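Hi everyone, thanks for coming. I'll walk you through a structure that's probably new to most of you, so let's put it up on the screen.

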Amino acid sequence: MTAALGKDLVGLEHLSPEQIRLILDTAEPFKEVSERPIKKVPALRGKTIVNLFFEASTRTRISFEFAEKRLSADTVNAAASGSSVAKGETLVDTARNLEAMRIDMVVIRHGSSGAAQFLGERIRSNVINAGDGKHEHPTQGLLDLLTIRDKRGKIEGLNVCLVGDVLHSRVARSNIWGLLKLGARVGVCGPHSLMPRGIEDLGVTVFRRIEEAIEWADVLNVLRLQLERMETGFIPSLREYFRVFGVTLERLERAPRELTIMHPGPMNRGVEIDSRVADGPHSVILDQVTNGVAVRMAVLYLLAGGKPELADAAKRGGGE
Amino acid sequence: MTRPLLLKGGRVIDPSRGLDQTADILIQDGKIAAVGVGLGPPDDAEVRDVKGLVVSPGLVDLHVHLREPGNEDEETVATGARAAAAGGFTAICAMPNTDPVTDNQAAVGFIVRQSLRAGFARVHPIGAISVGQKGERLAEFGEMVGAGAVAVSDDGKPVVSGHLMRTALEYARTFEIPVADHCEEPTLAAGGAMHEGLVATRLGLKGMPAAAEEIMVARDILLAELTGGHVHLCHMSTRGSVELIRRAKERGIQVTAEVTPHHFTLTDHACEGYETHAKMNPPLREAADVAALRAAVKSGALDCIASDHAPHAYDEKDAAFDDAPFGIVGLETAFGIAYTELVQGGVLTLPELVARMSTHPARVFHLPGGTLAPGTPADVCVLDVTARWTVDPAAFHSKSHNTPFGGRQLTGRARLTLVGGKMVHEEAPAAR
């Protein structure tokens, strides 16, 4: 445990700007570890970590696992299907069983908002939220912040617009909190049927049309449109969605200034984003993925009690 | 027969007769024998000095869930009736969403028998509107009324079909019973876990908009007007609902409505931190709704206060917010919350509160009680409105302890509860 971040990382809403900056700064020296031929430092040697994924995930789970392994932790993966969860075990029983095994950290992804906090309140281990329902996905928010900072040199004063299904997006909520705390202006743009009630009261600007958002923004973070939203009646068709809200090359060409394009993945090419944009020169989508590992290493390191000022030494093997 | 009982020197409040004065009450043969100043007790009478206390008609709760049959681990008719007595209630109305559903005369008769066997507060069954609460065809109102049902409701679920609601209101007229509806437009509220608003947005929880309730309130009012039936609207939670009811009453439509202590006390902020004890349906709303509900309790747009006592096992609430069931227990906190929030809060006088927790609900469902008139059954409650206490869920008589009010400081609680002249609850003055 460390006072730097508290016991758990459940979201960015309750972190201070200093804590967020601390994570980003701690991630910087860890970036280099992944560039080495031998991608391993001993910072978390002897620590046991469970990656508990109640929802399917490829990118986030692999990213966490690499972050853990590159810090030399012992990791175990558990997925919902085929586990005791599929047999009807409650979350509280899962928590108690993990506790009984004396693990040090739990990375949890769960379909219910609040699940990570629920677990954190019931076990002594550190809990890291890898996405809970529609609530938050803090490490995604952090890696987005790091990527913006890398690309644009700062966050403060930038106009960042989240585009798409904000209603169902935990990525959107973590981005909103993180960006606002670091002094960016935040916009959201999408069909009103996919905007949560009272979103403007969080201090964000709502754009009705994508053209207005593009004119305003320095950064567009294009959210994934889950295909089932059409079936559940929030939008009439993916075809029309792309036509009205799609981030296309033609639209970007009219941008008054340099635009950075982000996407948390996985992308639906031709739905929320044009392939030519995703693969184009303004896209930092793969940098986001690279930064994901470094940010998660930083979070794991800090929650495990690592000293921020020793992160650089830690990666050389002298930390702790 | 028990000895006659003289309650001496209390502040007697009987809204049914506009009475609020220091007086004695003589209870004999299970009935109120006399109310007056300086009553001479019969030789064998037990005399209780209730100076400084309030003597009122027993409280009446039109809306409780007793979980028997089906979930006796959470509550039974007996434990619910015991909890009611502890809360000052002498009569409670049990909703039919049991397992199996209380939708026929045998099932209604079972509740009545369990209640008589328990012998605490009277338990009046409410029969289902539709067979199995499936919303398809009418249950047998006539036979259920014959077995003791005092109203019909599919509570827990809304009556989705406008046609079924219309027919129920028409058919219920024969038996002069109200049709109580849980107002929720199901396609708008589907999957919702709390009030739709900023808190839900921040927590990432699906909200239920106020309009989901108000649409059904409006529909039910229109159908009551169409049919001439009596619609009773359960647990009203929004300012829009209150406004619709106010206007309907002005037009003389037969509509009555209830509000719970939690809806006029708490807002959706109680759900912060994913507090599952604040998860209920209808959900806790916003401050403006709370203010409108309070004003409507005063004005009479809302007729009565009902607890919507909804017991759940502790481990059911120990879950992620989406997975936890709706509802909280309320029988043992209702009066304390209402007194603290409404009387101490300057909304109601004490006689007005007694009217809304006793006389009015009895009138709405045509129940005996709600009065201290001589010759009526002695359903009486002695209230201590100076008692300050802290809610301790572990001390509840109810089998379940799911309440968001644990640890809350309240003023006012029942000291004695008498049903038909029989003492069913007694709380020592020093208690807690």
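So, charges in chain A: there are 43 positive side chains and 41 negative ones. If you take the centre of each set, those two centres lie 2 Å apart. Do keep in mind as we go that this is a predicted model.

Chain B gets the same treatment. Here I count 39 positive and 54 negative side chains, and the two centres are 4 Å apart.

Okay, the overall build. Chain A has 13 helices and nine strands. Its radius of gyration is 19 Å, and the globule rule gives 20 Å for 320 residues, so chain A is as compact as a globular protein of that length. Measure by axes instead, and the C-alpha trace of chain A spans about 55 × 45 × 35 Å.

Chain B has 12 helices and 18 strands. With 432 residues, a compact globule would come out near 22 Å, and chain B has a radius of gyration of 21 Å, which agrees. The C-alpha trace of chain B spans about 65 × 45 × 45 Å along its principal axes.

What about the inside and the outside? In chain A, 59% of the 320 residues are buried. The accessible surface of chain A is about 13,000 Å², with 51% of that belonging to carbon and sulfur atoms. For chain B, buried residues make up 62% of the 432. Chain B exposes about 14,900 Å², and carbon and sulfur atoms supply 52% of that.

Now contacts along the sequence. Take pairs in chain A that are at least 6 residues apart: 73% of those contacts join residues at least 24 apart. In chain B, counted that way, the figure is 74%.

Let's zoom in on some rings. How many aromatic pairs does the structure hold over all chains? Six. One of them is A:Phe30 with A:Tyr301: the ring centres are 5.4 Å apart and the planes sit at 70°, so this pair is edge-to-face. A:Phe30 is in helix α1, residues 17–31 of chain A, while A:Tyr301 is in helix α12, residues 285–303, so the pair ties together parts that are 271 residues apart in sequence. Are these two buried or exposed? A:Phe30 has 0% relative accessibility, so it counts as buried. A:Tyr301 is buried as well, also at 0%.

Over in chain B, B:Phe141 and B:Tyr171 make a tilted pair, 5.4 Å centre to centre with 55° between the planes. B:Phe141 belongs to helix α3, residues 141–147, and B:Tyr171 to helix α4, residues 162–172, so this pair links parts that are 30 residues apart in sequence. B:Phe141 is buried at 0%, whereas B:Tyr171 is partly exposed, at 37%. Ring pairs also bring in B:Phe175, giving a cluster of B:Phe141, B:Tyr171 and B:Phe175.

One last residue, back in chain A: A:Ile49. You'll find it in strand β1, residues 48–53. A:Ile49 has 0% relative accessibility, so it's buried. Which residues does A:Ile49 touch, leaving out those up to four places away in sequence? Among them are A:Leu44, A:Glu68, A:Val76, A:Met105 and A:Leu300. By contrast, look at A:Val289, 240 residues from A:Ile49 along the chain: their C-alpha atoms are separated by 21 Å.

That's my tour, so over to you for questions.

Conventions. Residues are numbered from 1 along each chain as its sequence is written. Chains are lettered from A and ligands numbered from 1 in the order in which they are written. This is a predicted model: local features need pLDDT of at least 70, side-chain atom pairs count only at pLDDT 80 or more; totals for chains, interfaces and linings use all residues. Side-chain values use heavy atoms; hydrogens and water are left out. Helices (H or I, at least four residues) and strands (E, at least two) are DSSP runs, numbered from the N terminus. The radius of gyration is taken over C-alpha atoms; the globule rule is 2.2 Å times the number of residues to the power 0.38. Buried means under 20% relative accessible area, exposed over 50%, partly exposed in between (1.4 Å probe, protein chains only). Contact means heavy atoms within 4.5 Å. Accessible areas come from the Shrake-Rupley method with a 1.4 Å probe; for residues, only the protein chains shown count as cover. Lys and Arg count as positive and Asp and Glu as negative; His and the chain ends are not counted. The place of a charge is taken as NZ of Lys, CZ of Arg, CG of Asp or CD of Glu. Rings of Phe, Tyr and Trp (its six-membered ring) pair if their centres lie within 6.5 Å; planes under 30 degrees apart count as stacked, over 60 as edge-to-face and the rest as tilted.
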